[in-house]
Amino acid sequence: MVLLTVPGTMGVTPPWARDAGRICEGSDTVATVVLFHSVYGLRPAVHSAAERLRAAGHEVHTPDLFEGRTADSVEAGMELKDEIGRDELLKRAITATAPLSERGLVYAGLSLGGSIAQNLALGDTRARGLLLLHGTSDIAEDAAVDDLPVQLHVADPDPYEPHDWLNAWYLRMRRAGADVEVFRYAGAGHLFTDDGLDDHDAESAESAWRIALDFVADL
């Protein structure tokens with residue numbers, strides 16, 4: 001497992017850390033990626049993220065789990081999520097990915113979308129990889145995968161992904177059989193890759209996407 005703090009972190013490094021020098025350059029392999037949006041809905045930042053992946057040669061799908069609705073704040077987005085319900089969101093996500101799953105999908109997501117992506121990846125024996133930006137999810141006790149590559153990019157600190165949670169999440173993912181990397185970004189906001197939000201941190205976003213694109217290319 002890997003953890004890299006980008007850029008320079010202060011304080012004690014958690015037990016899931018490693019050196020950035022071990023990041024590998026990606027291959028030319030093309031992947032089919034399904035990218036799930038955050039509680040803000042399918043906003044321009046999601047399309048921009050998808051275009052980054054497409055520019056690298058990947059096929060990218062961006063399901064609209066909110067069916068055309070978007071939110072202007074976290075609070076409004078949480079209300080929308082709760083109105084739809086977690087089970088319905090997962091049902092919509094499964095419906096969107098089922099016709100593609102035999103290809104061996106790379107599941108990806110932003111914040112809430114990361115939670116959705118994780119649930120689907122752990123339940124899909126054909127999953128090729130899991131890319132998490134800003135969010136994770138609970139893990140079932142009986143979850144099991146065969147060395148599923150997983151990469152997480154998260155702000156440090158992040159009020160939604162505190163260190164204690166990440167420690168427990170990492171241990172459970174490893175117990176489930178995943179091969180996990182975690183990258184932290186000191187001083188960035190929660191959704192730091194979204195240039196339409198106050199959370200945005202341009203340097204951290206570029207670092208995250210550079211590493212993420214190498215990850216997807218190497219799957």
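So, the elements: this protein chain has six helices and seven strands. Keep in mind that what you are looking at is a predicted model. Reading from the N terminus, the order is β-β-α-β-α-α-β-α-β-β-α-β-α. The chain has 219 residues, and 54% of them are buried. If you take the contacts with a separation of 6 or more, 66% are between residues 24 or more positions apart. As for the outside, the chain exposes about 10000 Å², with carbon and sulfur atoms supplying 47% of that area.

Let me take you to helix α4, residues 112-122. How many of its 11 residues are buried? The count is 10, so the helix is mostly covered, going by the cut-off of under 20% relative accessible area. The buried ones are L112, G113, G114, S115, I116, A117, Q118, L120, A121 and L122. And what does the covering? The elements include strands β2 (32-36), β4 (106-110) and β5 (129-133), along with helices α2, α3 (86-97) and α5 (163-176).

One of those neighbours deserves a closer look. Two packed helices are described by the angle between their axes and the distance between the axes. For α3 and α4, the angle is about 65° and the axes are 10 Å apart. The crossing of this pair is right-handed. If you want to pick out the interface on screen, α3 brings R86, L89, L90, A93, I94 and T97, and these meet L112, S115, I116, N119 and L120 of α4.

Staying in α4 for a moment, please find Q118. Is Q118 buried or exposed? Its relative accessibility is 0%, so Q118 counts as buried. Who is around it? Setting aside neighbours within four places in sequence, Q118 is in contact with L130, L132, T136, S137, D138, I139, W169 and M173.

Now to the nonpolar cores. The largest one has 58 residues, and the members that touch the most other members are F36, Y107, L130, V150, W169 and M173. Helix α4 gives this core its largest share, six residues. There is also a second, separate core of seven residues, with A155, F183, A188 and A208 among them.

Let me pick V150 from that list. Leaving out residues up to four places away in sequence, V150 touches L130, L132, W169, M173, A178, D179, V180, E181 and F215. You will recognise L130, L132, W169 and M173 from the list for Q118.

V180, one of the residues that V150 touches, sits in strand β7, residues 179-186. V180 has a relative accessible area of 0%, which is why it counts as buried. V180 and Q151 are 29 residues apart in sequence, yet their C-alpha atoms are 5.9 Å apart in space.

Next, my favourite corner, around D156. This residue belongs to strand β6, residues 149-156. D156 counts as buried because its relative accessibility is 10%, under the 20% cut-off. Which side chains does the D156 side chain reach through polar contacts? One is H163, at 3.0 Å, and another is R184, at 3.2 Å. The backbone here is worth a look too: the peptide bond joining D156 and P157 is cis, with omega at about 0°. P157 itself lies in the loop between β6 and α5.

While we are on backbone geometry, two non-glycine residues have positive phi values. E67 has a phi of about 50°, and its place is the loop between β3 and α2. E67 counts as exposed, because its relative accessibility is 56%. For D147, phi is near 55°, and this residue is found in the loop between β5 and β6. D147 has a relative accessible area of 54%, so it is exposed as well.

Finally, G68, in the loop between β3 (59-61) and α2 (74-84). At 58% relative accessibility, G68 counts as exposed, the cut-off being over 50%. And where does G68 stand relative to G41? The two are 27 residues apart in sequence, while from C-alpha to C-alpha they are 7.9 Å apart in space.

That's my tour; happy to go back to any of these places on the screen.

How values were computed. Residues are numbered from 1 along each chain as its sequence is written. This is a predicted model: local features need pLDDT of at least 70, side-chain atom pairs count only at pLDDT 80 or more; totals for chains, interfaces and linings use all residues. Side-chain values use heavy atoms; hydrogens and water are left out. Helices (H or I, at least four residues) and strands (E, at least two) are DSSP runs, numbered from the N terminus. Buried means under 20% relative accessible area, exposed over 50%, partly exposed in between (1.4 Å probe, protein chains only). Contact means heavy atoms within 4.5 Å. Accessible areas come from the Shrake-Rupley method with a 1.4 Å probe; for residues, only the protein chains shown count as cover. A nonpolar core is a set of buried Ala, Val, Leu, Ile, Met, Phe, Trp, Tyr and Cys residues joined through side-chain atoms within 4.5 Å. A polar contact is a pair of N or O atoms within 3.5 Å; within protein, one must be able to donate a hydrogen and the other to accept it, and residues adjacent in sequence count only if both atoms are side-chain atoms. Axes are lines fitted to C-alpha atoms, for helices over the stretch in contact, and angles run from 0 to 180 degrees between N-to-C directions. A crossing is left-handed if the near helix is turned anticlockwise from the far one by less than a right angle, and right-handed if clockwise.
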